[in-house]
Amino acid sequence: MSHASVSSTARFGSLYWAIQAKRNIGVRGLFVVVLAFMVAYGFLFHGLFTGSGFAKFTQSWFPLALVAMAQAILMLTGGISLAIGALVSLGAVLAATTMTGPLGVAGGAALVSLVGLGIGAVTGVIVVKLRLPAIVVTLAGSFIIAGAALLVLPRPGGAIPPWLSDLLAGNTPAAFGVLVVVVLLWKLYLATPLGLSLYAAGENPVGAYRSGVPVDAARIAAYAISGLLCTGAGLFVAAQTGSGDPIIGNSFTLNSIAAAVLGGIGFLGGQGTMRGALAGSLLLSLMISVMFFLGFTPVAQYVAQGLIIIGAVAIPQFRMRAR
Amino acid sequence: MVSSAPILAARGVSKAFFGNPVLRSVSISLEPGRIHALLGENGAGKSTLINLLSGALRPDSGTIEIDGRAVSRHSPPEARRAGIAVVQQELSLTNSLSIAENIGLGAYPRRFGLVDYAALAARAKAACDLVGLHEPLATPVGELSLGRRQMVEIAKALYRKPRVLILDEPTSSLSATETRILTALLEKLRGEGIAILYISHRLDEVMQLCQHVTVLKDGTCTADRPLEGVTAAGLVRLMVGRDPGDLFPRWDSTRTERIAVSVGKFSAGLMQDVDLEVRAGEVVGIGGLVGQGQEDLLLGLYGAIPARAASAVINDASGLPSNVPQANSRGLAYVPADRKREGLHLIHPIVTNLMLPSFARMPALKLRSRAKERETAMGLALQFAIKGDLGRAAQALSGGNQQKVALAKWMPLDPSVLLLNDPTRGVDVETKREIYAMLRAFAASGKAVVLLSSDTPELVHLCDRVAVVRDGRIVSLLERGDLSEEAIVAAAMGAERERQAA
Amino acid sequence: AANCIKGDRKAPYTLGWANIYSVPTWMKQTQGTIEAEVEQLKKEGLVDKLVVTDAQGDANVQIQQIQSMIDADVDGIILIAGSSTAPARVLADACAKGIAIINFDSLVDTNDVTAKVNTDSHQWGEQATKFMIDALGGKGKILILNGPAGVSVSDDRRAGGNDLLKANPDIQILAETNTAYNVAPAQEAVTSLLFANPEIDGILSFGGALSAGAVLALDKQGREQVPITGENARQFLELWKEKGLKSWATMQPNWLGAFAAYTAVQALEGKDVPAFVKIPLPVIDNSNIDEYLARAKDFPADGYIFSPYDRDLFAKLLAQK
Amino acid sequence: MSIRDAAFLSRSRLLAIVTSRPFLTFAIVALVWIVASFVTRGFGAYGHLRYLVELAAVIGIVAAGQTFVVIAGGIDLSVAAIVTVAAVGLPLFAIDADPTGLTPILAVLAMTTAIGLVNGLGVALLRVHPMIMTLAMATFLQGLLIIIAGGSAVTAANPLVSWVGNARPFGIPAGILVWVVVSIVVLVVMHATPFGARLFAMGAGPLAAKLSGVPIASTTMAVYGISGFMSGLAGIIVLGMNGQGYVGIGDPYLLASIAAVVLGGTSILGGLGTYAGSIPGAILLVTITALITVVNASPGWRSILFGTLILALLLLSGREAARR
Ligand SMILES: Nc1ncnc2c1ncn2[C@@H]1O[C@H](COP(=O)(O)OP(=O)(O)OP(=O)(O)O)[C@@H](O)[C@H]1O
Ligand SMILES: Nc1ncnc2c1ncn2[C@@H]1O[C@H](COP(=O)(O)OP(=O)(O)OP(=O)(O)O)[C@@H](O)[C@H]1O
Ligand SMILES: [Mg+2]
Ligand SMILES: [Mg+2]
């Protein structure tokens, strides 16, 4: 018996990491594209490899990375959210109105997290239990949440304690560190039975249910986590900007979808990996800076952006078909 | 053998869908150490009964008993706790997860709240070894062939160390080798005192493996007795309610000289440089172990995947069709094996499913006539004995009837070459007989049939010639006179023998 | 020297134009004035390059682009902000690097810029409200149209009218609505409001194309036109003339862009520039509407007819304290 | 079929219609109108309701294309940009030789259809996911708009366009008449032609559709082409209604068209649905917007009210049956 457990401990690594390695297959093409952009960026802007250059770059990527994860989780369960942007805004205004008040930074952060989890969970319950199409539930939800953000802060304002801004969005790569932690937490979640159920619940809910998977719970949990990531992104945006703005998150909705799909997340549930979604968001973020340094005019920026997005999706497909 | 108390039983259960009764007061009891066969025509209610036993559905009336006690709220987790494991007819797997993660799904070993991958690896490995599944455990299930996925499904059931194992048509997509492994395994499990419920349309398997049989006909139980002293013909009589005829129609050569399909150095997918000729009026079988490229041969001919050939003549026109519509207009029709994903649109009415190939061929903006469509569909339903309201969604049909729809829908186009991919998988004997008769009649009317099948007797009894495929090549082309199950299996296994010899 | 300027940068300068969204016509016209000014500055040997970014309406992207401008070490940044708060921290970084920052039109609540250039939104609201109260003789029922919620400019304009409205209780506000600064949504909203409030004496609109939408709504429902405030959108000015409106309009002159570019270079050249350059609101009323319309053909149909400008005007504006 | 069967069939068909989603959505519209007429002054006036339907016509026409795309298993996120391009670009096609103004309209429709076809090309041949393809197309069109917007020094003095936007033949706004024609054609194409049947098959299962001989690539292109055409048509109508195109004029129609489609009961997953539901879906959306406008509340509360109303209506009409 002891022999078996020793060898199985040794195998833990092998099975887990073998599964992880297999997951790269679908996104290798994208990784290459991202890497190419990364190299190009480093070539165009040598300061990228200084501490503060890297810090600033990861800070502009960070909120997009979080919302891409938030969207990807939902898409893995076969859902989608059009309320991502509104939730980011709500997170930002909540942070900017509470953190300098009696609640303080810790209280504000707790509130932001609770609101994100709560709204996400409620959305999840509505979608899952009432069997309503996620796309319209979250569209309606986006108006409600955006309205709430306007009630909290009718016009840009509020404040974040400067030390917090400097900590999260100063000249240290703290944002990157947080991202690493978030990714590790995600891996941890995926290693729980509920987390791993996400894929089965998204791709084959009937089969999963018959196998004893708590399908509804897995999906609702995904919505809650997604909500948390969104308001978390909002908190970061507030820290990065030092203040709150009730419409700051608007563009994150479509960008999160673009990043997730670019990263190979499918719409039918269960297809794709988080690393893909992260790479997709990284590409979107890199693209902006690289085009700047290449001196593209706005017209060229729009055209190139469209081409890059299509190309990043189409070219790997062509390579797969050619094989 | 001493009959012991049943572990799992249904007592007078009834179930109706939307007011249509599917099961009427059916009883069944599964005893340890016994392989219990559940037989019935397509749509008799077998899968439904299983869903009741496993808690996936709840009976309208009647009770489910575990160890002699009635359970009030039966559910899949409840069933799992009671040691009931089911190998579903519809695969319950998740393509993006690995073999190991699928096997453990819903019952992962935990450590500190996390999935214990070490324990999972060990236990999944044990289950895989039982069923002869040697692919790496990290392989995503989506990369496996249908047959291998079925083995994963079985391993998944075994992983749960069941006291009751229910298998719904487990062999319908398995190769002969895999079937043999499964048979041996079931014998072994029976010896360990597990109660097994086994559903199959292959009567020879049932006769060989099972000790007890329950027969369903139209949702009622027509027999519940030991298998001893029953013949296959007797079973069919119980299922169908009348005397069975011969399963295979009388074989007469209807082969003509006209060449329907001829390709030289044809390559598509796994298939490399094969030559094949099909005459009008003949049935050409494609045999071999599952996944050797047979499907790519059909799909390539059909223009559904990229293909090339040094020479190709199809119905007197040269060149391969480059897409499906072109193939259709040249008289080719294809019936896929995976009818749920490739053959039918389950959420659409049966009538639209039957009419789809016609819609695809008609001028796009011509006005449709619903009355005419209904009439055509009714004619097809009659001809193919498709049971069910044509206005209902195809998902309400049982598997066998779905298969008939997938075949029947091509008839309005009057194709001259039928490419069939395992058309009798999961189809009951009566329907099989009907399909066989149709295929021969089809050939007799001067048309050609290419029949890919995993059911070797089918190839032996129906075909004029059989091409055996191995490793993407046709390794043997057996003429009618040389056809036998042994010959086909020998040709198909050639590679393994050579390897053993080396 | 001016704020942020360290004096270590030498001509010719590289200017960065951090636009929030370059597609709308107002932005294109503004960009046109900037490019013309930069051409002039290039001839004078003061500027060698203009770098243009477009944040596609996303304040977060704008921050990233300003960061890129800092990374690329431009000498001056002119900026229309996508948020009145969000860019504050990145601007502080730019300011610390000695980059001249001229913020115009949409302003940021920060002091870490060289200069802010704008009309006074508060004053805009106040003057518009005053016109309306006068036009109605201090008594009547009005609709208020305002730009999108959550945006400082629209909020400020509305706030500018508050005191006057409080002081004139006989002006009754029937309804108040927020839409994007566009014709279609304004027309839709006003039509709905017209049915719900049949007696309307005036429409207090805080700008953009809202007024054109309101006029169209009245016209389409066969209603008499009422006194209305507006902005210099060509469509509105033409409707004004066509329908013989009793109206008043002001503007956010597009040459703010040219002026910002000019100011950035002046600051870099070591000139003193005021921290806030208040642009007097040009007023369009029945006395000068014809002058504006006479120049209409030089402006896009969906654009804004702005007041004339030249270097003298710029010099005068910079000289104010 | 016996007479009894026939009678049973017609009764069950009547039942099917009354319990169908489009009918339900229509019933909700009627209910909301009746309640709102009592609660809100001026809401129930004929002129007001007519105006609501006129506004709904634009959403409805965009939603017609969107319904095609969604049923065929895709989604079109470029509709807003196409509406804008049509409205802003039309004056550029003006030629003096044609006093009717028909030529620019045809040119714009050809252009927007071509844009749609390019979408279809990307989806069908490059196999780019529809969301990505159409999102990228919207981005391209922004670039195009930078070039063409503000370039129209001439006012959109197109007689046909202003007729469509403002005329009321027989007391009915021309936009509504256009919508009626569009609706009839769309419903016939969708439900009474093989082309329509192919769309449903593609949406329900692309692989099965392909193997059944449905020409996937050309049908996909046609679907996006139709969507481009409809968006172009809508752009011309909004241009007429507002007298002037501008950047952003199409923005409201993206989410509105998707919401109308889903509120009307079409499955966002494809393969199931009907334009008959999108029609009341469009009217419903406009109605809610109008109701919110006359409520005196802060912008925040209005937004919350709007979202809550959509959610409530969705509860009544939008249940998604279990799939897969
Ligand atoms: N090109 C890349 N872009 C972004 N992240 C990358 C890239 N390549 C590798 N990564 C890394 O991938 C990790 C993302 O998480 P990970 O790959 O573990 O996803 P995941 O959780 O395994 O997704 P899933 O389990 O769903 O497959 C991060 O550690 C990130 O740094
Ligand atoms: N979810 C459902 N909704 C409606 N009808 C159903 C449903 N599931 C099964 N049926 C109907 O119940 C009947 C029995 O189906 P079941 O799947 O139990 O048959 P079966 O005996 O397993 O057939 P087969 O041998 O083809 O697998 C069929 O006529 C089928 O049409
Ligand atoms: Mg079955
Ligand atoms: Mg079956």
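**Two interfaces and a sheet**

Q: In this predicted model, how many residues of chain D are in contact with chain B?
A: Contact here means heavy atoms within 4.5 Å. By that cut-off, chain B puts 29 residues into the pairing, and the number from chain D is 26.

Q: How much area is buried between chain D and chain B, and which three residues of chain D supply more of that chain's part than any other three?
A: The two chains bury about 2,200 Å² between them, with 67% of it on carbon and sulfur atoms. On the chain D side, 29% of the area buried against chain B comes from just three residues: P194(D), L211(D) and S212(D).

Q: Which element gives the most to the side of chain D that touches chain B?
A: Three helices of chain D give two or more residues each: α8 (174-192), α9 (194-204) and α10 (206-211). Seven residues come from the top contributor, α9(D).

Q: How many residue pairs are in polar contact across the interface of chain D and chain B?
A: Salt bridges don't come into it, as the rule finds zero of them between these chains. The side of chain D that touches chain B does have seven polar and three charged residues next to its 16 nonpolar ones. With both residues at pLDDT 80 or more, the count of pairs in polar contact is 12.

Q: Moving to chain A and chain D, what is the count of residue pairs in polar contact there?
A: This interface takes in 43 residues of chain A and 41 of chain D, and buries about 3,700 Å², 81% of it on carbon and sulfur atoms. Salt bridges between the two chains number zero. For polar contacts, with both residues at pLDDT 80 or more, the count is one.

Q: Which helix supplies the largest share of the side of chain A that touches chain D?
A: At least two residues each come from α6 (134-152), α9 (193-203), α12 (252-262) and α14 (298-322) of chain A. The largest share is 14 residues, and that belongs to α14(A).

Q: Which are the edge strands of the six-stranded open sheet in chain C?
A: The strand order is β2-β1-β3-β4-β5-β11, with parallel pairing. Two strands pair on one side only, and these are β2 (47-54) and β11 (276-278) of chain C.

Q: Which residue of β2(C) stands opposite T14(C)?
A: Strand β1 (residues 13-19) of chain C runs parallel to β2(C), and seven bridges join the two. Opposite T14(C), the residue in β2(C) is K49(C).

Technical notes:
Residues are numbered from 1 along each chain as its sequence is written. Chains are lettered from A and ligands numbered from 1 in the order in which they are written. This is a predicted model: local features need pLDDT of at least 70, side-chain atom pairs count only at pLDDT 80 or more; totals for chains, interfaces and linings use all residues. Side-chain values use heavy atoms; hydrogens and water are left out. Buried area is the accessible area (1.4 Å probe) that two parts lose on being put together, summed over both. A salt bridge is a side-chain nitrogen of Lys or Arg within 4 Å of a carboxyl oxygen of Asp or Glu. A polar contact is a pair of N or O atoms within 3.5 Å; within protein, one must be able to donate a hydrogen and the other to accept it, and residues adjacent in sequence count only if both atoms are side-chain atoms. Helices (H or I, at least four residues) and strands (E, at least two) are DSSP runs, numbered from the N terminus. Two strands pair if DSSP finds at least two bridges between them. Ala, Val, Leu, Ile, Met, Phe, Trp, Tyr, Cys and Pro count as nonpolar, Asp, Glu, Lys and Arg as charged, and the others, Gly among them, as polar.
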